[in-house]
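Here is a walk through a two-chain model, for anyone who likes to look at helix packing and chain contacts. Keep the structure open while you read.

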Amino acid sequence: MSEPPGAAVSLAEAPPPAAAPSEPLTAQRVLPLRRPGRWIATAAVLVLAAQFVHGLVTNPFYQWDRFGYWFLRPTIVDGLLVTLEVTAYSAALGLLGGVLLALARLSRSPVLRAVSWVYVWAFRSIPLIVVLLFLYNFSALYRTLSLGVPFGPAFLTFDESELATDLVIAVVGISLHESAYAAEVVRGGILSVDQGQHEAAAALGLPKGYQFRRIVFPQALRSIVPNYVNQLIGLIKGTSLVFYVSLLDLFGAAQSMGSTYPGDIVPLLMVATVWYLVLTSVVSVVQFYVERYYARGATRSLPPTPLQRLRAAVTGLTARARREAAV
Amino acid sequence: MSTAVDDHAPATVQVHDVHKWYGTHRVLNGVDLTVRPGEVTVILGPSGSGKSTLLRVVNHLEKPEIGYVSLNGEPIGVRRHAGRLKELGERAILAQRGRIGFVFQNFNLFPHLTVLDNVAAAPVATRRLAKPAALELARDLLARVGLADKATAYPRQLSGGQQQRVAIARALALRPGVILFDEPTSALDPELVGEVLAVIKDLATSGTTLVIVTHEIGFAREIADRVVFMDGGRIVEQGPPSEVLDAPRHERTRDFLSKVL
């Protein structure tokens, strides 16, 4: 009320506090809204997280010394390598099969479209474990596989039991399953490419294969990559089913060691868990850079890498510190 | 290029009694048109009159139900066989399209390739030029449309007018006998229209055969050798701009011009 009358006509009903600055309002920075609720929530979450970590570390149930003992044991590492091997082959074969199935589904031939549709329908309906167990008993159904004229003479004949090692059965089974899902991921990606791109490529007279490899597919990859990586992460864990076709992958190794040393089953499961976490993390990092690569041209500037973001944050902080020191 | 001189010289385009329909909807109802080498033809007409479809029939992006288009006397997308027209295979059609440039309303540049690679794509993909020669050609063409400094940019980093100029350079990289423009300035902000029209005008004076669908009447008057007015899937009238634009003989032409001018 110390202000001269008339200075704040419109504020007459809500006079400014006595300490109101005399500077014009426009010259000041807007004060950020205080958010006490956010601080309370943060504190609560931190307490819960601390409790969880504390439990993990101190609960004797986890037997961290046994975890350390098992983590790099040759049995476990061998299992990890089997998991990696199965995953790598199945991911590559599954994607290849998926691309072929998607192309068949999008082709003008009704026969190819129908075959692709039926394949995807069948393998999305059958549980992976059933496919694997079926293949495992496959040699009882077909004793030999031969390459030759259909219904005619054979040129090459394989003995099924020699050809179908456990690894081959696992990779074939998972790839069959995986390509059905990959087909839909790839098809979705191709459909997401603007029709104008197909037209422009056709109008320039680019050869059909070039149109797909250089124009359509690279643009489709932008939406294929996140979806396929999602699929791939499911696949990494899905490979744990190969235990049932007597292949000792990471989970299988932990499981079988657990039945030999029943007291160590919890640390063994933790070993498998941590390894799966590591694998998923590696894939996520690779995904970031692959996505960034295929974002070229789609956005005006590429998103910064974590390293660039860190550097920018550090520069920002030092600049701010310098500014405040100067004041 | 000695073997293919005819392909790159300004071409004659002839449309022979073309009919096109989608279900029961008739889009083109017997269109006949001859575009002479080096001539600039502007097609006008209300929306839905079939002008864009006609342009897309010329490079066989749309297949006519009846009739055909010929380039220097050679049928496009079809061949004569025992008195009938038979559809050509995809590969042959793609090869023919390499002699016809097409510029889209929405540019349709390849967003994942640099401007330079967009322009060089067709000569490289069709093995007409080795990569270094194609890149050199692309640089020359970009300079011609005033974008020499944008070679390493990606299309989305350019303005609409710049993108359309790149699209024109990309069509020119085919060294086509004719270039078709489908409403090349309709997707542009008004202040960007001029730069694109300037490039097209430059092409017109250099003797390339051009067929342009546009709503820019003033531009048509300025560069067209011939104006074609279409309505209801037919050509209503055609002739030099001084006749069709200034003294139209048909009621529908007059009606259309009174609305757009």
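The report below starts with chain A, moves to the contact between the chains, and ends in chain B.

Keep in mind that this is a predicted model. Chain A is mostly a story of helices: there are 13 of them, along with two strands. Of its 327 residues, 25% are buried. If you take the contacts in chain A between residues at least 6 apart in sequence, 71% join residues at least 24 apart.

Two helix pairs in chain A are worth a look side by side.

| Helix pair in chain A | Axes come within | Crossing angle |
|---|---|---|
| H3 (residues 74–106) and H8 (residues 166–191) | 6 Å | roughly 45° |
| H9 (residues 195–203) and H10 (residues 208–238) | 11 Å | roughly 165° |

Take the H9(A) and H10(A) pair to begin with. Their axes cross at roughly 165°, and that makes H9(A) roughly antiparallel to H10(A), since angles over 145 degrees count that way. The crossing of H9(A) and H10(A) is right-handed. On the H9(A) side the residues involved are A:Gln197, A:His198 and A:Ala201, and they meet A:Gln211, A:Ile215, A:Val216 and A:Gln219 of H10(A). By type, the residues of this contact between H9(A) and H10(A) come out as three nonpolar, four polar and no charged.

Now for the other pair. With their axes crossing at roughly 45°, H3(A) and H8(A) are oblique to each other. The crossing of H3(A) and H8(A) is right-handed. Here the residues of the contact of H3(A) with H8(A) split into 16 nonpolar, six polar and three charged.

One more stop in chain A: is A:Val282 buried or exposed? This valine sits in helix H12 (residues 265–294) of chain A. A:Val282 has 11 C-beta neighbours inside 10 Å, so it counts as exposed. Measuring across the model in your viewer, you should find the C-alpha atoms of A:Val282 and A:Gly188 separated by 25 Å, with their positions 94 residues apart along the chain.

Next, the place where the two chains touch. Chain B puts 24 residues into the contact and chain A puts in 19 residues. On the chain B side, the elements giving two or more residues are helix H3 (90–97) and helix H4 (115–125) of chain B. H3(B) gives the most to that side, with four residues. The residues on the side of chain B that touches chain A divide into 14 nonpolar, seven polar and three charged.

H4(B) deserves a closer look of its own. How many of the 11 residues of H4(B) are buried? The count is 11 of the 11, so H4(B) is largely enclosed by the rest of the structure. Among the buried residues of H4(B) are B:Leu116, B:Asp117, B:Asn118 and B:Pro123. What do they pack against? The buried residues of H4(B) pack against H10 of chain A, together with helix H5 (131–144) and helix H6 (160–172) of chain B. After H4(B) comes B:Arg127, with a positive phi near 60°.

Chain B also holds a hairpin. Strand E1 (residues 13–22) and strand E2 (residues 25–35) of chain B run antiparallel and are joined by eight bridges. One of the pairings puts B:Val18 opposite its bridge partner B:Val31 in E2(B). Two residues lie between the strands of this hairpin, and B:Gly23 takes a positive phi near 60° there.

Conventions. Residues numbered from 1 in each chain as written. Chains lettered and ligands numbered in written order. Predicted model: local features only at pLDDT ≥ 70, side-chain atom pairs only at ≥ 80, totals over all residues. Axes fitted to C-alpha atoms, helices over the stretch in contact; angles between N-to-C directions. Parallel < 35°, antiparallel > 145°, perpendicular 65-115°, else oblique. Left-handed = near helix turned anticlockwise from the far one by under 90°. Contact = placed C-beta atoms within 7 Å. Nonpolar A, V, L, I, M, F, W, Y, C, P; charged D, E, K, R; others polar. Buried ≥ 20, exposed ≤ 12 C-beta atoms within 10 Å, placed from the backbone. Pairing = 2+ DSSP bridges.
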